[in-house]
Structure formats: C-alpha cells, structure tokens
Amino acid sequence: MTDDSQRNFRSVYYEKVGFRGVEEKKSLEILLKDDRLGILPPHHESHARVMAYRKEQYSDVLHALDVIRFVSDATPQVEVFLYMHRLESGKLPRSPSFPLEPEDEVFLAIAKAMEEMVEDSVDCYWITRCFVNQLDSKYRDFLPQLPKAFEQYLNLEDSRLLSHLKACSAVSRLPYDLWFKRCFAGCLPEPSLQRVWDKVVSGSCKILVFVAVEILLTFKIKVMALNSAEKITKFLENIPQDSSDAIVSKAIDLWHKHCGTPVHSA
C-alpha cells in the first residue's frame, strides 16, 4: 500500500484477487469477463473460480434466509447482509424482530457506508464481512485501548483543549463507539472515509485515533465554547462534512508525526 490519497481499501481488495490499476467501481464479474482491459493476472482461472464460488455461496445463504422467511424483497440490503453474516457465523437469532446487539449496530453502520462505495451487492457483502472480521479478530485487543491513546495524543497536541473536556466531564462520554468501533462510518462522507479505511485495511487502526484528535483540533473553537459533555458529544456526533477531507489529510500527517513512517500494524 502507498499513502496516495487516491488509493483506498477497494484497491487492496481488487489487487488481492489479481487486478491492478483498474477502476474500482467496476464489479469483479465485469473485470473477469472484460478481455479489453488486457489484464492477465497470475492464476486467472483460480480467481474466476473463487469469485464464482463466492457468488454461489452468497446466493445459497440468501436463499436459506428467504426459505425461513427471515428476509423478503422489502428487507433493506444492509439488514440482509447482517442476517447473512449472522447465519454464516452461527449466531442468527430466532426472529428478525429480536433486538439488535451492539455488534449488529456496528455491522449495519459499516455495511451502509460500504453500500455507497461498492456497487455490486456480492462484492459489497464480502468486503463488509471481511472488514468487520478484521476488526473483530486482528484489532479486538487493540480497539479498547484507543480512547486512552486518543487522550494521550490530544494532550500532546493541545493540553488546554483536553483540560476543557475534562472540566466538562466529557472525556469519558465522547463518541468512541462511532469513532473506533464503527471506524467513522456515519460520521465522515464516503471519499474521506475511504482514505481512513484504506489505512485500517492496510494494517493500522491507530489512524482512527489521529482522525479523532484532528476532529477536536479542527473544531477547537466550537468545542471550547460548549460547556457540557452532552453538547460536546452531540456536536462531535454530527460534525460539518465540508472539512472532512482536510481533517483526514491532517490526521495522516499527525500519524506520521507521532509514529514515523508507520509499519502497517496496530
């Protein structure tokens, strides 16, 4: 992976199945059939078989949910993805009317954001599933440490701002789930979110800390003017979207400043 802002997590996904330098929004099915691109990746036939298997598995799981009347044509696509994931994980509830677990809310938020980035439903499901599984496995032990790391780096960048948050009893009430569990899904718009997720998929979820720090630094004047934890949290959960790209760029700079040239690890 490079740090080119134009690259994103979809680039990683497509490269892993043998495609480089192509428009990510074209589905894998089209790419596999489009000889005009002149792309002849190694083990081309293996990639075709793997993708065919994934499509077949997707159809089988979807059919199973339809048979047991867990989904219908009216079920939102992201909820279909959730039930597919739960079924494949052996955690499907007895009824779709059962209340959602916290991890379900995380999955839905990530799936909803992914829908805006990936056009093909099969690709979208598999990428969402792999992304969530990476968070649950590779980063399981590290994610709970991110709020403390956030406090540490914010103190280094602006101790006065951190003191204000502490004075308002806001530090423990910041939207950490939105930032670190949902990886800013529902907080940042698609182009900015892609750049953040690129770093997460590449192997470092610490970028999430620096995005959170930069959000506070960018909106310092607004946050300093708020005098309660509730008001601060509400604002941070709904930050203005027009500064997102600059926030991510500055967050990446902070990441390099404090971590050097990051080796892709947590």
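Visitor: Hi! Which helix gives the largest share of the lining of the largest pocket?
Guide: That would be H5, with 5 residues of the lining. Keep in mind that this is a predicted model.

Visitor: Which helices supply at least two residues each to that lining?
Guide: Helix H4 (77–88), helix H5 (102–115) and helix H6 (121–137) each do so.

Visitor: And what volume does the largest pocket have?
Guide: About 540 Å³. The pocket is lined by 18 residues, and those closest to its centre are Glu103, Val106, Val132, Asp136 and Arg140.

Visitor: How does the lining split by class?
Guide: You get 8 nonpolar, 3 polar and 7 charged residues in the lining of the largest pocket.

Visitor: OK, switching to helix packing. How do H7 and H11 cross?
Guide: Helix H7 (residues 146–157) and helix H11 (residues 207–218) have axes that come within 9 Å, crossing at roughly 45°. Angles from 35 up to 65 degrees fall outside the parallel and perpendicular ranges, so H7 counts as oblique to H11.

Visitor: Is that crossing left-handed or right-handed?
Guide: Right-handed, as H7 passes H11.

Visitor: Which residues meet there?
Guide: From H7 come Leu146, Ala149, Phe150, Tyr153, Leu154 and Glu157. On the H11 side they meet Leu208, Val209, Phe210, Ala212, Val213, Leu216 and Leu217. By class, this contact of H7 with H11 holds 12 nonpolar residues, no polar ones and 1 charged residue.

Visitor: What about H7 and H14, what angle do they pack at?
Guide: H7 packs against helix H14 (residues 244–259) at about 90°, and their axes are 13 Å apart. That angle is why H7 is described as roughly perpendicular to H14.

Visitor: Which residues make that contact?
Guide: Tyr153, Leu156 and Glu157 in H7 meet Leu254, Lys257 and His258 in H14. The classes here are 3 nonpolar, 1 polar and 2 charged.

Visitor: One more pair: how do the axes of H7 and H8 sit?
Guide: The axes of H7 and helix H8 (residues 159–167) come within 5 Å, with a crossing angle of roughly 130°. H7 is therefore oblique to H8.

Visitor: And which residues meet between H7 and H8?
Guide: H7 brings Glu151, Leu154, Asn155 and Glu157, while H8 brings Ser159, Leu161, Leu162, Leu165 and Lys166. Sorted by class, the contact of H7 with H8 has 4 nonpolar, 2 polar and 3 charged residues.

Visitor: Where does Glu157 turn up in H7's contacts?
Guide: Glu157 takes part in the contact with H11, the contact with H14 and the contact with H8.

Key. Residues are numbered from 1 along each chain as its sequence is written. This is a predicted model: local features need pLDDT of at least 70, side-chain atom pairs count only at pLDDT 80 or more; totals for chains, interfaces and linings use all residues. Side-chain values use heavy atoms; hydrogens and water are left out. Axes are lines fitted to C-alpha atoms, for helices over the stretch in contact, and angles run from 0 to 180 degrees between N-to-C directions. Helices (H or I, at least four residues) and strands (E, at least two) are DSSP runs, numbered from the N terminus. Angles under 35 degrees count as roughly parallel, over 145 as roughly antiparallel, 65 to 115 as roughly perpendicular and the rest as oblique. A crossing is left-handed if the near helix is turned anticlockwise from the far one by less than a right angle, and right-handed if clockwise. Contact means heavy atoms within 4.5 Å. Ala, Val, Leu, Ile, Met, Phe, Trp, Tyr, Cys and Pro count as nonpolar, Asp, Glu, Lys and Arg as charged, and the others, Gly among them, as polar. On a 1 Å grid over the protein atoms alone, a cavity is a set of points where a 1.4 Å probe fits but cannot get out, and a pocket is an open set with protein on both sides within 12 Å along at least five of seven lines; lining residues have an atom within 4 Å of a point. Grid points are joined across faces, edges and corners, and a volume is the space filled by probe spheres set on the points.
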